[in-house]
Amino acid sequence: SSGINAEYGVGHRIFDRLWNCFAKSATPHEAVQNVAWEMANPAGPQDLWPFVTFLLVACAGPYFIYKMFPAVKEEDDYMENVGHDTATVLFPYMAINPDELSVGVDAQVILAPAHLQPGVHGWTLVSCDGAIGLVPSNYIQLNT
């Protein structure tokens with residue numbers, strides 16, 4: 001077994017150690033305790049750093065990518081009518097699909113920016129009272 005571990009490197013050795021923790025455990029609780037002990041008592045510092053690095057990248061990477069892109073903030077802004085077009089609903093519309101929005105006559109809706117519009121002919125992405133959805137384009141009239 002040590003020949004295989006040496007051949008595959010540090011990551012494989014860590015995986016083997018964690019797998020052995022699960023294999024020798026009778027219950028899930030015992031498995032968690034064994035893994036925790038293994039993590040707290042590594043065979044050497046060179047054994048644990050790739051695993052910790054992977055966890056940091058896997059957990060923190062998506063969060064930082066999410067925070068770096070302003071498009072998400074722009075989506076939130078349009079719901080609050082920060083400099084976006086508004087429209088008045090001319091006819092009541094009852095949503096049929098989950099991505100549609102039910103609106104009543106004379107309701108004021110906020111139009112999503114053009115880059116967020118779905119590009120489906122005859123439908124407009126709007127928000128009303130914090131809800132977001134599609135409404136038929138001919139059911140609304142832009143406010144001037």
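This is a short walk through a predicted model, from its nonpolar core to its surface.

Let us begin inside. The largest nonpolar core has twelve residues in all: Ala87, Val89, Tyr93, Leu101, Val103, Ala107, Val109, Leu111, Val126, Cys128, Val135 and Ile140. Strands S1, S2 and S3 each supply at least two residues of this core. If you would like to find these strands in the structure, S1 covers residues 86-89 and S2 covers residues 108-111, while S3 runs over residues 123-128.

Two members of the core are worth a visit. Valine 126 sits in strand S3, and its relative accessibility is 0%, so it counts as buried. From valine 126 to proline 113 the C-alpha to C-alpha distance is 9.2 Å, with their positions 13 residues apart in sequence. Cysteine 128 is the other stop. Once its neighbours within four places in sequence are left aside, cysteine 128 is in contact with Leu101, Ala107, Gln108 and Val109. Among these partners, Leu101, Ala107 and Val109 belong to the largest nonpolar core as well.

Now turn to the aromatic rings. The model has four aromatic pairs. One of them joins phenylalanine 91 and tyrosine 139 in an edge-to-face arrangement, with 5.7 Å from centre to centre and 75° between the planes. This pair links distant parts of the chain, 48 residues apart: phenylalanine 91 is in the loop between strands S1 and S2, and tyrosine 139 is in the loop between strand S4 (131-136) and strand S5 (140-142). How accessible are the two partners? Phenylalanine 91 has a relative accessibility of 44% and so counts as partly exposed. Tyrosine 139 is also partly exposed, because its relative accessible area is 26%.

Another edge-to-face pair is formed by tyrosine 93 and tryptophan 123, whose ring centres are 5.9 Å apart and whose planes meet at 70°. Tyrosine 93 lies in the loop between S1 and S2 and tryptophan 123 in strand S3, so this pair ties together parts that are 30 residues apart in sequence. Here the two partners fall into separate classes. Tyrosine 93 is buried because its relative accessible area is 10%, under the 20% limit. Tryptophan 123, at 27%, is partly exposed. Tyrosine 93 is also a member of the largest nonpolar core. Ring pairs link Phe91, Tyr93, Trp123 and Tyr139 into a cluster.

Next come two residues with an unusual backbone angle. Most residues other than glycine have a negative phi. Aspartate 106 is not a glycine, yet its phi is positive, at about 70°. You will find aspartate 106 in the loop between S1 and S2, where its relative accessible area of 56% makes it exposed. Aspartate 129 also has a positive phi, near 55°. Its place is the loop between S3 and S4, and with a relative accessible area of 80% it is exposed.

Our walk ends on the surface. Which residues make the nonpolar patch of about 590 Å² there? They are Tyr63, Phe64, Ile65, Met68 and Phe69. Isoleucine 65, one of this group, is part of helix H4, which spans residues 45-68. Its relative accessibility is 47%, so isoleucine 65 counts as partly exposed.

Note on methods. Residues are numbered from 1 along each chain as its sequence is written. This is a predicted model: local features need pLDDT of at least 70, side-chain atom pairs count only at pLDDT 80 or more; totals for chains, interfaces and linings use all residues. Side-chain values use heavy atoms; hydrogens and water are left out. Patches are made of residues with over 30% relative accessible area and no salt bridge: like charges are joined within 9 Å, nonpolar side chains (Val, Leu, Ile, Met, Phe, Trp, Tyr) within 5 Å. Accessible areas come from the Shrake-Rupley method with a 1.4 Å probe; for residues, only the protein chains shown count as cover. A salt bridge is a side-chain nitrogen of Lys or Arg within 4 Å of a carboxyl oxygen of Asp or Glu. Helices (H or I, at least four residues) and strands (E, at least two) are DSSP runs, numbered from the N terminus. Buried means under 20% relative accessible area, exposed over 50%, partly exposed in between (1.4 Å probe, protein chains only). Rings of Phe, Tyr and Trp (its six-membered ring) pair if their centres lie within 6.5 Å; planes under 30 degrees apart count as stacked, over 60 as edge-to-face and the rest as tilted. A nonpolar core is a set of buried Ala, Val, Leu, Ile, Met, Phe, Trp, Tyr and Cys residues joined through side-chain atoms within 4.5 Å. Contact means heavy atoms within 4.5 Å.
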